[in-house]
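Grab a pencil and have a look at the model below. Can you work out how one residue fits into its surroundings?

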Amino acid sequence: MKSITLHALRRLPVAALVIFGGLALASDGMQAQRRVGGTGYGGSVKTLFFTTKSPVATLPADGGYVVGETQAFGVANTVEARWLTATTTGSVSDASEPASAQTVSEAENISILNGLVRADNVTAIASSFANGGGAGSNADGSGFVNLVVNGTRIATDVAPNTRVDLPLVGYVILNEQVRSGDGVQSTGITVNMIHVRLLNGGEIIVGSASSSVGS
């Protein structure tokens with residue numbers, strides 16, 4: 001599109017100038033609007049032959065409150081879990097006001113690979129915010145209750161991205177945290193409390209929550 005000089009603007013009819021100015025203001029307004037995002041689910045299994053997942057809560061870009069839940073989720077000899085609940089909430093604003101999003105995912109009575117990994121409860125919490133001072137995300141509040149891996153009880157306070165090998169099976173990442181965004185205008189985090197990667201290429205996830213805020 002050719003640029004419009006000051007001389008050319010002076011020659012435009014008043015109506016055209018009004019339209020031109022309105023379009024510019026609308027464009028500026030759209031650029032200033034922040035967006036939020038969030039996704040949560042209790043359990044997921046991916047193999048070479050199929051993929052299945054418990055109900056997913058997905059946050060609209062303009063915010064809101066969404067719930068995904070089920071009493072049970074399972075795949076024979078792979079994973080069993082009860083009372084899986086995911087909630088995601090968020091609010092948006094223009095660039096001069098704060099915006100935030102949070103997703104919480106919980107599951108109980110988890111048993112993966114016939115008890116190789118098990119826990120009474122897992123909670124994944126992903127929180128993101130942005131304001132005039134910048135943007136950030138965290139997994140504060142995420143945790144396990146009575147987590148056991150390979151027959152060994154794991155401390156409740158598990159460091160982010162803790163890897164434990166599962167002999168002849170693969171490995172598990174506990175409290176997996178993957179971040180995104182520039183920390184100024186945008187931010188995001190995905191938290192997978194239990195993420196098993198199998199030698200055959202399959203994956204098992206229990207307790208997944210993500211959140212994001214961006215312009």
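Here are three exercises, each with a worked solution.

Before you start, note that this is a predicted model, where local features need pLDDT of at least 70, side-chain atom pairs count only at pLDDT 80 or more, and totals for chains, interfaces and linings use all residues. Residues are numbered from 1 along each chain as its sequence is written, and side-chain values use heavy atoms, with hydrogens and water left out.

**Exercise 1.** Find the strand that holds Thr123, and decide whether Thr123 is buried or exposed.

*Solution.* Step 1: go to residues 117-131, which form strand β7, and you'll find Thr123 there. (Strands are DSSP runs of E, at least two residues, numbered from the N terminus.) Step 2: check the cut-offs; buried means under 20% relative accessible area and exposed over 50%, with partly exposed in between, using a 1.4 Å probe and protein chains only. Step 3: Thr123 counts as buried because its relative accessibility is 12%. Step 4: look at the whole strand too, where 11 of the 15 residues in β7 are buried.

**Exercise 2.** Work out which side chains make polar contacts with the side chain of Thr123.

*Solution.* Step 1: know the rule. A polar contact is a pair of N or O atoms within 3.5 Å; within protein, one must be able to donate a hydrogen and the other to accept it, and residues adjacent in sequence count only if both atoms are side-chain atoms. Step 2: the Glu106 side chain pairs up with that of Thr123 at 3.2 Å. Step 3: Asn121 offers its side chain as well, at 3.1 Å. Step 4: now widen the search to contacts (heavy atoms within 4.5 Å). Skipping neighbours within four places in sequence, Thr123 touches residues including Val104, Gly141 and Met193.

**Exercise 3.** Which strands pair with β7, and how many bridges join each one to it?

*Solution.* Step 1: two strands pair if DSSP finds at least two bridges between them. Step 2: start with β6 (residues 99-112), which lies antiparallel to β7 over 13 bridges. Here Glu106 sits opposite Thr123. Step 3: β9 (residues 143-145) is antiparallel to β7 as well, with 3 bridges, and Gly143 is the β9 bridge partner of Thr123. Step 4: β8 (residues 134-138) adds 5 antiparallel bridges, and a hairpin with 2 residues links β7 to β8. Step 5: finish with β10 (residues 148-149), antiparallel to β7 over 2 bridges, where Arg118 faces Val148.

Definitions and conventions. Helix = DSSP H or I, 4+ residues; strand = E, 2+ residues; numbered from the N terminus.
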